[in-house]
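Please open the model in a viewer and keep the selection panel at hand. The tour below proceeds from one selection to the next.

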Amino acid sequence: MSKEAILNKLSDAVVGGKVDLAKEGAKEALAAKIDALDAINNGLVKGMSIIGDKYAARQVFLPQVLMSAHTMYAGLDLLLPAIPKSAMASMKKAATAVVEGDVHDIGKNIVKTMLTAGGFDVTDLGKDVPISTIVSETKAKKWDALALSTLMTPTMDGMKAAVDGLIENGYRKNVKVCIGGAPTSPAFAKEIGADHRDANAQDCAAWLKEVF
Amino acid sequence: MAEMSHIERVMAAITNAKGDRLSTYPIACGVNRNLVNGGITYRDWAHNSKLFAQAFIEGQKAYGFDYAIGLMDLSVMAGDLGAGVRMDEQNTPFVDKPVVKSVEDYEKFKVPDIKKGRSGVILEGTKLFCDVLKTQVITAGFLEGPLLALTQVAGAERVFMDMFTNPSAVHKALAVMTAYDVEMVKGFAKTGCAGLCWDYLWGNYSCLGDKEYDEFEGQKKYAGDLNELTTKEGMAFCIHNCADLPHLDTQIKAFKPVIYSMAYYPLIPGSPSAKETIEQGYADNCLVGGQIDPQLFIRGSVEKITQVTKDLCHEVKTALCKRGLGSRYIIASGCEVPPDVHTKKENIKAVVDATKKYGVVDW
């Protein structure tokens, strides 16, 4: 199978949410000695970008996006270990988290997917993450971007605590902090000293790509 | 025009008769626990039918709403179905341990005894506040729709993906959720509430397209059957929309609710404003309500929220006038008033006061 056919297979697998096809395509890419980063960017990520555009245009909806994200990660699991460490080192590092007291993580997971598709090396801290963990890990792992989410009002203050914590530990100037989730707003982002607030995952990833 | 009673005002809005002013209901539910016994925890409020009811009664005394709608939270059914619910002292409870781990688990659901658990608390509590308030205001129970209940108990991400990979399993579980809802509808019918407000959480284009929404909640079964049952049981059928980009053609034009409350999401392009909702005909046969930013109740000043309410009254009155609809809009929060200890009581009162002042309709 040609390189182009394998890349198309990876892209089509993501668009169609076909996990087995993505795994198959990833194995074929490695066997054909296609550069893993090339396979990711021009195969899996290309497919995720197509789905992202279709979601923005309301041609597909959340279930399809989640299936595509699941498929992309299945392919990434096989391709990422084949990327040379030197190539990984040049990628911007981002982290995602739902702040302490909240477990609603669909939005955060889509941000994680879009950041990965956008070329970031993403660490997902998960949901209900203690603020102290967010603050200390951001500095320790030298993340360039931090995307925080919450769907609930009482836990919004955790976002402020995270920003304050980063100021206190001296790392704030090194990291871009984005927030998201239904109760948040650009005004709230400004109030707590975050850098940005977006209404959707794609715009968040696009903003961070532009910033870096 | 002479001042109407709360019930007269709402009935005028529903029937498009002459009303004295717009009606109002900042959706103040859990936040009113702060008015009970000097302030009680969310846990106590959500587990004790008398305390649950007392919050609505105290809220009515304090603010003079036109409605009382018995929202507790969105984890009531999931908890009674066996999911783990995290119940912090002063935070809205939420599911932190969904129960579906494999496709087979979808078939293990059984309708719980609605007299027990928090289903029992909400039914009994609704009866208690309706006993006191039903002659004063329009009362309603509040119930989670089948797809909402399933996504809560099984985990939303899991259900959404299984819609594609295992749709028959999802449908089997939805049938049980619907049967549970049928029991709850019959329970609410005995509480004396005038209406029943459904939360069909996923009826929005950020989450589901028309095809998926129709298949997994829509008019043909599940929601359609429950809406019909609600009316048959003698309650006005209402919907609380929880999200941006709502399926208004399905939820208002096809479902035909008596009352429909809109969420506040101004940042999403395509979500209609109050004015646009009216202009597009959705208030022609339905009493629509919304869309004050819920965050203003915590972070806004009295002056700010008064101005927002004044502007909203002006916006909707102008739009209603153009369509010959008089007072057919509820000045309400676009989602529950945050049940947070920091929510400002004076801001709730400010919305009611501003509606009284700026919501007067000239006939």
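Which strands of chain A does helix H8 (residues 157-168) of chain A lie across? Select that helix together with E1, strand E3 (145-149) and strand E4 (176-180) of chain A: these are the strands that H8 of chain A lies across, and the helix runs at about 140° to E1(A). Helices (H or I, at least four residues) and strands (E, at least two) are DSSP runs, numbered from the N terminus. The angle is taken between N-to-C directions on a scale from 0 to 180 degrees, with axes fitted as lines to C-alpha atoms, for helices over the stretch in contact.

Before continuing, please note that this is a predicted model, in which local features need pLDDT of at least 70 and side-chain atom pairs count only at pLDDT 80 or more, while totals for chains, interfaces and linings use all residues. Residues are numbered from 1 along each chain as its sequence is written, and chains are lettered from A and ligands numbered from 1 in the order in which they are written.

**The sheet of chain A**

Now display the strands of chain A. They include an open sheet of five strands in the order E2-E1-E3-E4-E5, with parallel pairing. Its edges are strand E2 (121-129) and strand E5 (196-197) of chain A, each of which pairs on one side only. Two strands count as paired if DSSP finds at least two bridges between them. Strand E1 (residues 93-99) of chain A is joined to E2(A) in the parallel sense over six bridges. To see one of these positions, pick Ala97(A), whose bridge partner in E2(A) is Gly126(A).

Next, add helix H10 (residues 201-211) of chain A, which packs on the sheet and touches E1, E3, E4 and E5 of chain A. The direction of H10(A) makes about 170° with that of E4(A).

Return to H8 of chain A and select Ala161(A), which lies in that helix. Is Ala161(A) buried or exposed? Ala161(A) is partly exposed, with 16 other C-beta atoms within 10 Å. A residue is buried if 20 or more other C-beta atoms, placed from the backbone, lie within 10 Å of its own, exposed if 12 or fewer, and partly exposed in between. A distance label between Ala161(A) and Val135(A) should read 9.0 Å from C-alpha to C-alpha, although the two are 26 residues apart in sequence.

**Chain A as a whole**

Zoom out to the full chain A, which has ten helices and five strands. The radius of gyration of chain A (taken over C-alpha atoms) is 17 Å, close to the 17 Å that the globule rule (2.2 Å times the number of residues to the power 0.38) gives for 212 residues, so chain A is as compact as a globular protein of that length. Along the principal axes, its C-alpha atoms fill a box of roughly 55 × 40 × 25 Å. Buried residues account for 51% of the 212 residues in chain A.

Colour chain A by domain: domain 1 covers 3-86 and domain 2 covers 91-211, with bounds from an automatic or database domain assignment. Their C-alpha centres lie 25 Å apart. Eight residues from domain 1 and six residues from domain 2 take part in the contact between them; residues are in contact if their C-beta atoms, placed from the backbone, lie within 7 Å. On the domain 1 side, helix H3 (36-56) and helix H4 (62-79) of chain A each give two or more residues, and H3(A) provides the largest share, five residues.

**Across to chain B**

Show both chains. The contact takes 23 residues from chain B and 18 residues from chain A. On the chain B side, strand E4 (94-97) and helix H7 (156-165) of chain B each give two or more residues, and H7(B) gives the most, with six residues.

Select H7(B). Seven of its ten residues are buried, so H7(B) is largely enclosed by the rest of the structure. Among the buried residues are Arg158(B), Phe160(B) and Asp162(B). Their cover includes H4 and helix H6 (106-117) of chain A, together with helix H6 (146-154), helix H8 (167-189) and helix H9 (210-216) of chain B.

Finally, select strand E6 (residues 195-199) of chain B, where four of the five residues are buried. Strand E5 (residues 138-144) of chain B pairs with E6(B) in the parallel sense over five bridges, and strand E7 (residues 236-240) of chain B also pairs with E6(B) in the parallel sense over five bridges. End at Asp199(B), the bridge partner of Glu144(B), which stands opposite His240(B) in E7(B).

Terms used: Contact = placed C-beta atoms within 7 Å.
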